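Here are my notes for you, written as numbered points. Keep the viewer open and find each residue as you read.

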Amino acid sequence: PAPPPRVCRDAVPRRSLGYAYVNYHNAADAERALDSMNFTDIKGKACRIMWSQRDPSVRRSGVGNIFVKNLQENIDNKQLYDTFSLFGNILSCKVVCDKETGLSKGYGYVHYETNEAAANAIEKLDGMLIDGKEVQVGMFVRRDTRPDQASWTNCFVKNIPYEWDEARLRQEFEPFGEIASVSISMGKRKVFPKKKKVVVVVEKKEGEEEQGDDAAAPAEEGAETTEEEKPAEEEPAKEEEEPAAEPKEESNEPESLGFGFINFVEHESAAKAVEEMNEKEFETTEDGEAITKALFVGRAQKKAERERELRQKYESEKMERIAKFQGVNLYVKNLEDSVTDDVLRDEFSAMGTITSARVMKDLKSGVSRGFGFVCYSSPEDATRAVNEMNGKLIAGKPIFVALAQRRDVRRAQLEAQHNQGRGNAPGQPGMMRGPMGGPMGGPMGGYPGGPG
């Protein structure tokens, strides 16, 4: 029998990384498992099994790795493996699927053991029909070494004035170089109705100013207004509503959506167009109002690439914030409900210069949640505050003060402490336990004055 498999987990939150290792005592059992278990469902997901490669340079070298695109959506990992296994031994085979929907994205990867097998598969299958679609097969090229990353020619343009057509767009960008194609996206624009201001005009009658406070009495009662006065007040309102009630004729013709693409012949022309035309302003008219629109011009990107860049930008900004407040931000808990931001700042101001102090409150009720944060200008002041303010009484309650930690780091520490305590459960070494599991000879809960 094989030893228990080892599921690889993240070091901090201990979440599964989605892969594991299984060691067999002999190669025959491993080969049988690879043949019979590959692509089987495990809890609703098709697993992929391959030989473990101890040397990471073999995986990273890209030897024998090919890229297959324009696949039929119903082709899965097993069908792709069966199709390409005729040309050599396959180490890994994968059809890329959308994480949310689980549907195929129409491309995949096949990693052969040798370059000869990969070249043979490319020669035989490139341009062939697989399940009714002509597929393209070629050697895999890493994203950072692909030629189109450094020699792009396609530009994305948005905030295009609606009255511009493709000829006008070409005219604006022609000075930068030869253009291969110009396209403005057409469709039905979403129209959001503007809120109209309602102006109420009240005409004063003769003698109304002399009535003083008595003039408010009919307005409060409301029932004493005569029928002759009502039509005179309602007629102007009817005249204003009639033009708005006229329905507009909707056209089924496609309209400019305000964005498009320009593909240059040379990369230098596209780069120059981005540099010169980005944020350039043009006068236009929308809904009868003269406005100024600034074009946005940049390299055309796929949706996945844009999302990846935004994710990397968010992560870098997050790490910068963490590094900025490392060692100076304090976590304070066990606060009395009456403690405010100003009270918290006053209590900790004696330890050094405070940049911010905040008590966390419930968003709906506004009641204190019993904890907050104090940020100092230097790590020395923060360390002094931890040493001197921890356990101090504020509004009759002893507070707990420590350096603020990220949630995943704090969770990992608690799990490590919990795992270490399992060997000595249910108590600490050398501690006698009471009949209910509590420590004997001390106050309950560890607070002074608690019941013994």
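Is K293 buried or exposed, going by its relative accessibility? Keep that in mind for the first point, and remember throughout that this is a predicted model.

1. **K293 and its partner.** K293 comes out at 12% relative accessibility, so it counts as buried, because anything under 20% gets that label. The side chain of K293 meets that of E286 in a salt bridge, with 3.1 Å from N to O. E286 has a relative accessible area of 22%, which means it is partly exposed. So this pair joins a buried lysine to a partly exposed glutamate.

2. **The salt bridge in α6.** If you search the whole structure, you find seven salt bridges. Another one of them links R168 and E172, whose closest N and O atoms are 3.0 Å apart. Why are these two separated by about one helical turn? They are four residues apart in helix α6, which covers residues 166-173. As background, an α-helix has 3.6 residues a turn, so residues three or four places apart point the same way. Their cover is worth a look too: R168 is partly exposed, with a relative accessible area of 30%, while E172 counts as buried at 17%.

3. **The salt bridge in α12.** Now go to helix α12, residues 379-389, where E388 and R384 sit four residues apart, about one turn of the helix. Their side chains meet in a salt bridge, at 3.3 Å from N to O. Here both partners are partly exposed: E388 has 46% relative accessibility, and R384 has a relative accessible area of 38%.

4. **The two sides of α1.** Which residues of α1 are buried? They are A30, A33 and L34. Look down the axis of the helix and you'll see these buried residues fall within an arc of 100°, so they line one face of α1. Turn to the other side of α1 and you'll find R32 and D35, which are exposed. Try colouring the buried group and the exposed pair to see this for yourself.

5. **What comes after α1.** The helix is followed by F39, which has a positive phi, near 70°. That's worth flagging, since most residues other than glycine have a negative phi. F39 is in the loop between α1 (27-37) and β3 (41-42). With a relative accessible area of 13%, F39 is buried.

6. **N38, in the α1-β3 loop.** N38 is also placed in the loop between α1 and β3. N38 counts as buried, because its relative accessibility is 13%. How far apart in space are N38 and K78? Their C-alpha atoms are 8.3 Å apart, although the two residues are 40 apart in sequence.

7. **Another positive phi.** A395 isn't a glycine either, and its phi is positive, about 60°. You'll find A395 in the loop between β20 (393-394) and β21 (397-398).

8. **P254 and R189.** P254 lies in the loop between α8 (229-244) and β13 (255-264). Is P254 buried or exposed? At 57% relative accessibility, P254 counts as exposed, because the label applies to values over 50%. Although P254 and R189 are 65 residues apart in sequence, they are 8.6 Å apart in space, C-alpha to C-alpha.

9. **A positive patch.** R48, K94, K99, K105 and R311 form a positive patch on the surface. Take R48 as your way in: it's found in the loop between β4 (45-46) and α2 (56-61). R48 counts as partly exposed, because its relative accessibility is 33%.

10. **A nonpolar patch.** Which residues form a nonpolar patch on the surface? The members are L17, Y19 and Y21, and together they have about 290 Å² of accessible area. One of them, Y21, is in strand β2, residues 16-21. Y21 counts as partly exposed, because its relative accessibility is 36%.

Technical notes
Residues are numbered from 1 along each chain as its sequence is written. This is a predicted model: local features need pLDDT of at least 70, side-chain atom pairs count only at pLDDT 80 or more; totals for chains, interfaces and linings use all residues. Side-chain values use heavy atoms; hydrogens and water are left out. Patches are made of residues with over 30% relative accessible area and no salt bridge: like charges are joined within 9 Å, nonpolar side chains (Val, Leu, Ile, Met, Phe, Trp, Tyr) within 5 Å. Accessible areas come from the Shrake-Rupley method with a 1.4 Å probe; for residues, only the protein chains shown count as cover. A salt bridge is a side-chain nitrogen of Lys or Arg within 4 Å of a carboxyl oxygen of Asp or Glu. Lys and Arg count as positive and Asp and Glu as negative; His and the chain ends are not counted. The place of a charge is taken as NZ of Lys, CZ of Arg, CG of Asp or CD of Glu. Buried means under 20% relative accessible area, exposed over 50%, partly exposed in between (1.4 Å probe, protein chains only). The arc is that of the directions from the helix axis to the C-beta atoms.
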